[in-house]
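Student: Got a minute to go through this one with me? I have a few quick questions.
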Amino acid sequence: MAFTRKLVIRVASILLFAALIGLLYVYLPTRATRVLAFQDSGKFSKESEAASESQRKLIKKELKSSHEHPWAGQYYYGDGLGVNLQLDLAPRSGFVFTWHGCFGLYDLNYGKVEETGGRIKLVFKFPNDKKGFQGTPSELIPVLWGERHYLVPPDSIVDFTNAINAGFEPRSGLHGRFLLKGGDELKAVRGKPDLPSQYSAYLLEHPVEAEISSVNESRVDDLWRIVNIGLNVGTAQGVKAGMEFWVSAPDCLYGNARITDVGSTQSQATLTIFEADYKSHVPSPGWKLSTHAGPE
């Protein structure tokens, strides 16, 4: 079977998840420990779980009577393994957020929903600690794309455009990196997503192909090699700060570079390479990268 960039990315993601599971097995608190940790707030108590379920029922009831609401619904993102986030929300009934993984419930929260200036703000009942396998963004932007409904944090809009340029969105299955309304993975998209105007230029009509022109500092952090590199593309090719490029040659490498500085025909980027095979993958001038992750 021929290896493709997307296949390599998927295999690397599975290996990375396996490493995370090992860490979770050692460090993730048990349910009893979680309850002790949050005993003042009762975040994981039976009472809070019952209250969240009651609120979820109210949300579902409201959703049945508001089919045309622009953002109300039941949303999901995750990998089907250690990351499974569900957010149910409606304007009057508020929201319920849960994070499930291989060891059960990792996080739970609920509360009110406020809408201001086209953005949705979640007002949490309990502390929303965004660390490890817990927490969720407190502010979201509804993004309509054809018949699909996404909820994207304001500081992740560029990541969303990168996922589109790479070919990860619009996804054809349930799993993905961004909150998508349940069932919308089966719906069609048309044109471009309805993003804030300042981000429209991040959506590329065609992939940008690049080569490494220079290699600077390099370091290894656990399973990752992190290298500062130069690329032979810039604003003349549509490149912007924050864009991502994926290693396309040499083959069978999981590596992506984020643009940090852009000139007219040159740019600087930070390249991260997954070294789970315990081989040293030091990049060199001539390596090829692309904003598209490659064929299935």
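Student: How many disulfides does the count come to?
Tutor: Zero. Keep in mind that this is a predicted model. The cut-off for a disulfide is a pair of cysteine sulfur atoms within 2.5 Å.

Student: Okay, cysteines then. Is Cys 102 buried, exposed or partly exposed?
Tutor: Partly exposed, because its relative accessibility is 47% and that class runs between the 20% and 50% cut-offs.

Student: And what does Cys 252 count as?
Tutor: Cys 252 counts as partly exposed, with a relative accessibility of 47%.

Student: Switching to strands. Which order do they follow in the barrel?
Tutor: The order is E1-E2-E3-E4-E5-E6-E7-E8. These eight strands close into the barrel, with antiparallel pairing.

Student: What's the twist from one strand to the next?
Tutor: It averages 30 degrees.

Student: Zoom in on E5 and E6. How many bridges join them?
Tutor: Two bridges join E5, residues 119-124, to E6, residues 139-145. The two strands run antiparallel.

Student: Which residue in E6 stands opposite Ile 120?
Tutor: Leu 140.

Student: Pockets now. How much space lies in the second largest one?
Tutor: About 280 Å³. Its lining has 14 residues, and the closest to the centre are Leu 63, His 67, Ala 72, Gly 73 and Lys 181.

Student: Which helix and strand each supply at least two residues of that lining?
Tutor: Helix H3 (46-64) and strand E1 (73-78).

Student: How do the lining residues divide into nonpolar, polar and charged?
Tutor: Two are nonpolar, seven polar and five charged.

Terms used: Residues are numbered from 1 along each chain as its sequence is written. This is a predicted model: local features need pLDDT of at least 70, side-chain atom pairs count only at pLDDT 80 or more; totals for chains, interfaces and linings use all residues. Side-chain values use heavy atoms; hydrogens and water are left out. On a 1 Å grid over the protein atoms alone, a cavity is a set of points where a 1.4 Å probe fits but cannot get out, and a pocket is an open set with protein on both sides within 12 Å along at least five of seven lines; lining residues have an atom within 4 Å of a point. Grid points are joined across faces, edges and corners, and a volume is the space filled by probe spheres set on the points. Helices (H or I, at least four residues) and strands (E, at least two) are DSSP runs, numbered from the N terminus. Ala, Val, Leu, Ile, Met, Phe, Trp, Tyr, Cys and Pro count as nonpolar, Asp, Glu, Lys and Arg as charged, and the others, Gly among them, as polar. Two strands pair if DSSP finds at least two bridges between them. Axes are lines fitted to C-alpha atoms, for helices over the stretch in contact, and angles run from 0 to 180 degrees between N-to-C directions. Buried means under 20% relative accessible area, exposed over 50%, partly exposed in between (1.4 Å probe, protein chains only).
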